[in-house]
Amino acid sequence: MLGFDDIAQWRARIFSRLLAVVLVLGTIAAIPSVFVVVRHGVWTVAVMDGAALAWLFALWRLERVPYTFRVLNFLAIIYMVAICLMLNVGPVSQNYLMAPPVMAAMLLGTVPSLLALAASAVILVFGITQFPSTLVGLGHDPLVTALLVTLNFSCVGALLTLSCGALLKGLSRSLDDVRGFAKSLESGQDALHAVNAELRLTSAALARLNDMVLIARAVDTPDRDLPIIFSNEAFQRRTGYTDAEIVGRSMRVLHGPGTDPAVVERIIDSMHQGRAATAEMVNYTKAGDPYWVEMELMPFTDDAGHISHWVVVGRDITERRHSADAIHRLAYYDVLTGLPNRRLMTERLDAMVAAANAGRGLGAVLYIDLDNFKHVNDARGHATGDALLKHTAKSLANVVRKGDTVARLGGDEFVVLLEGLGTDAVGAAAAALAVSDKIRAALAEDVTIDDQAYRSTASIGVALPTRPGQSVADLLRDADLAMYHAKAAGRNGAAMFETSMLAAAERQLTLGRDLSAALANGELSMHLQLQVDHAGTPVGAEMLMRWRRGDGTFVPPDVFIPVAETTGMILPLGLWVLRQACLARLALEAAGHPLQLSINVSPRQFRQPEFVAQVRAAFDESGVPPQAFVFEVTEGLLVEDFDMITTKMRELAALGIRFSIDDFGTGYSSLGYLKKMPLYELKIDKSFMRDTPHDANGTAIVQTILAMADHLGLRVVAEGIETEAQARFLADNGRPCMQGYLYCRPLPLDDLVARLNRGV
């Protein structure tokens with residue numbers, strides 16, 4: 001169906017209505033006209049009226065017939081009526097001839113209307129010439145008169161026809177313009193609908209976005225706050241602000257005491273320069289709760305290129321930041337005490353060493369180890385030990401300055417970094433030692449834990465970065481060495497690092513490495529020193545380890561045995577000694593001298609869970625009876641884990657092994673353990689025998705030990721017997737067994753067997 005802006009539709013509508021009107025009016029006019037013409041006998045007019053009405057009715061009903069065909073038929077009807085009336089009524093009927101041009105102009109256009117006008121003029125000329133009687137009075141030739149009338153008719157008809165045609169052409173052009181405008185509006189409306197749909201979709205997406213979104217209107221004055229014009233649901237849920245509460249306000253309303261001013265200033269600088277910005281900062285909810293947000297600020301420009309709005313997209317990263325902080329604390333801080341750990345301490349120590357190397361002043365490292373802390377853990381449990389460590393951490397933090405660092409390395413070891421001690425090494429060392437004294441005084445104060453009072457002491461090593469090119473590891477090692485020297489000096493003291501300490505440590509390290517190689521290269525050997533009774537008869541021998549290097553140099557036992565204890569080499573050495581003792585016993589039995597052999601056992605061996613099994617396996621493999629051996633242990637073994645030690649001793653005693661307390665009287669002061677342990681003998685240390693019998697004090701101690709052993713039923717072996725006077729004194733006081741250079745120096749197995757074979 002054609003639209004309202006189509007001229008053809010208007011013509012079709014006009015024609016349809018015109019047909020209906022003409023049909024009705026023609027019918028109304030024809031009824032009286034028929035009676036008149038019939039009465040006067042003018043049958044042709046009556047027939048013409050009937051035919052015209054029938055023809056009109058047919059055109060009115062035949063709507064599917066082409067429009068132009070119907071219009072031409074309509075014009076033909078008018079011409080038929082006009083001609084018939086002119087022929088039967090007279091020139092007065094010429095007014096009908098004006099209708100076809102006007103109708104053609106309205107219904108068909110200008111050209112058809114001019115053709116219709118020409119046809120009307122021709123008909124008018126011929127029609128007027130048929131009525132000469134009506135024109136005679138004019139005194140003109142009938143043809144000339146007809147032409148004059150026709151000319152006037154044509155002028156008036158042309159005026160009407162062209163006016164109608166021009167009007168309709170103008171209307172057609174206007175309708176074309178309207179149609180074009182309508183199409184433009186329609187396409188614009190479609191585009192507007194599409195844009196509105198996209199805007200609605202974008203708005204809905206922004207509103208339901210999980211990220212927080214704010215839109216603020218840009219202002220001309222940079223110092224003014226930007227008013228918020230939009231906030232999405234995610235922002236409102238997280239902050240507690242409603243849209244009405246936040247719109248129109250500045251984004252500064254989200255800031256609080258935890259918001260970093262430097263971050264805010266950086267964002268403002270970026271906005272002044274018209275650049276996007278990203279940042280992580282603390283914002284606050286309506287209720288005042290802080291939260292971390294990762295935000296991105298982006299400018300939006302108008303068609304002129306000016307920034308009109310700022311869009312802020314934020315993501316809540318509170319959990320991420322808390323997790324990062326927790327990870328940071330786990331990575332850089334001690335869980336128990338909250339102090340910096342080794343990693344953070346190393347970073348700060350690195351900065352301190354770098355400053356010293358650059359000549360910006362000295363600092364100091366204080367390496368602190370609590371004395372006998374293990375006793376607290378063993379006696380009271382780890383909960384008490386942890387509480388004591390917390391108290392120690394607090395005490396250390398209270399002693400040092402705010403800019404200094406207190407760190408816990410692990411266990412009961414702490415490190416204090418003192419900074420800003422000046423450029424004078426002597427003054428810096430004095431200041432560091434003064435702080436060490438304060439620390440020891442603070443730790444010496446009583447602390448109550450579970451209604452029990454505890455007091456700590458500490459050994460402190462102090463080192464300064466005074467050597468050129470000194471690294472962090474070097475400085476920490478120096479302080480550690482100094483701390484061990486403080487422990488060796490009797491604990492509860494402080495020692496300043498000296499280069500001689502490092503040299504000694506280097507020698508110990510080298511010696512430990514060489515000792516490991518010596519065992520593999522066969523440089524170690526076992527010598528035996530006889531033990532005799534009061535008559536000088538051999539009753540046993542002590543197995544003593546000797547080390548002769550490949551170059552022939554001799555390393556004393558009192559030099560390499562402590563190194564073996566420190567490095568852990570004593571464990572494989574102890575197992576090797578046990579196997580060598582089994583071989584020596586077999587060799588002595590084969591030579592006819594089945595002496596009882598004494599073996600020194602390290603406390604570290606006893607603490608091994610598999611020690612008893614290793615001993616049993618060695619005897620099973622060699623076939624040597626355990627009753628042939630005496631295990632010598634020091635009193636220091638009994639200080640720690642007494643119950644565990646005595647349990648293992650009983651297990652070994654059940655195998656037939658006997659036990660001896662070596663260097664008796666020089667270590668553990670309590671004698672209560674003597675009746676709780678499966679002991680076989682006591683060995684009097686050579687330090688007591690050195691001045692006996694001439695030293696009254698030493699003589700009294702030896703006599704006391706001999707009397708006590710006699711009452712307890714324990715055998716006694718006196719070490720270090722070098723003179724006849726010592727031997728006579730012992731023969732007169734309890735007759736213990738004796739061991740020393742007076743009777744036999746330590747000898748290789750073969751030499752000892754040869755000597756025994758000679759009866760010497």
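The following exchange explains how terms are applied to this predicted model.

User: What kind of model is this, and how are its residues numbered?
Analyst: This is a predicted model, in which local features need pLDDT of at least 70, side-chain atom pairs count only at pLDDT 80 or more, and totals for chains, interfaces and linings use all residues. Residues are numbered from 1 along each chain as its sequence is written, and side-chain values use heavy atoms, with hydrogens and water left out.

User: How many helices and strands are there in the protein, and what makes a run count as one?
Analyst: The protein has 25 helices and 22 strands. Both are DSSP runs numbered from the N terminus: helices are H or I with at least four residues, and strands are E with at least two.

User: Why is Asp 478 called buried?
Analyst: Buried means under 20% relative accessible area, exposed means over 50%, and partly exposed lies in between, with a 1.4 Å probe and protein chains only. Asp 478 has 0% relative accessibility, so it counts as buried. Of the 760 residues of the protein, 42% count as buried.

User: What makes the pair of Asp 478 and Arg 467 a salt bridge?
Analyst: A salt bridge is a side-chain nitrogen of Lys or Arg within 4 Å of a carboxyl oxygen of Asp or Glu. The closest N and O atoms of Asp 478 and Arg 467 are 3.0 Å apart, which satisfies that limit. Asp 478 is in helix α15, whereas Arg 467 is in the loop between β11 and α15, 11 residues apart. At 26% relative accessibility, Arg 467 counts as partly exposed.

User: How do you know that Arg 315 and Asp 211 form a salt bridge?
Analyst: Their closest N and O atoms are 3.3 Å apart, within the limit. Arg 315 lies in strand β5 and Asp 211 in the loop between α6 (142-208) and β1, so the pair ties together parts that are 104 residues apart in sequence. Arg 315 has a relative accessible area of 29% and is therefore partly exposed; Asp 211, at 22%, also counts as partly exposed. Salt bridges that share partners join Asp 211, Glu 280, Glu 294, Arg 315, Arg 320 and Arg 321 into one network. A search of the whole structure finds 23 salt bridges.

User: Arg 401 and Asp 404 also form a salt bridge; which of the two is buried and which is partly exposed?
Analyst: The closest N and O atoms of this pair are 2.9 Å apart. Asp 404, with a relative accessible area of 10%, is buried, while Arg 401, at 42%, counts as partly exposed.

User: Why are β2 and β3 called edge strands?
Analyst: Two strands pair if DSSP finds at least two bridges between them. An open sheet of 5 strands has the order β2-β1-β5-β4-β3, with antiparallel pairing. Each of β2 (228-231) and β3 (277-284) has a single partner strand, so one side of each is left without a neighbour in the sheet.

User: How do you know that β1 and β5 pair?
Analyst: Strand β1 (residues 212-217) is joined to strand β5 (residues 307-316) by 6 bridges, and the two run antiparallel. The requirement is at least two bridges, so the strands count as paired. The bridge partner of Val 213 is Val 313 in β5.

User: What makes strand β17 largely enclosed?
Analyst: Of the 6 residues of strand β17 (residues 629-634), 5 are buried, so the strand is largely enclosed by the rest of the structure. Strand β16 (residues 596-600) runs parallel to β17 and is joined to it by 4 bridges. A further 5 bridges join β17 to strand β18 (residues 658-664), again in parallel. One bridge pairs Ile 599 with Phe 631 in β17, and another pairs Thr 634 with Asp 662 in β18.

User: Why is Ala 535 called exposed?
Analyst: Ala 535 has 58% relative accessibility, and for that reason counts as exposed. The residue is found in the loop between β13 (524-532) and β14 (538-548). Ala 535 and Arg 735 are 200 residues apart in sequence and 9.0 Å apart in space, C-alpha to C-alpha.
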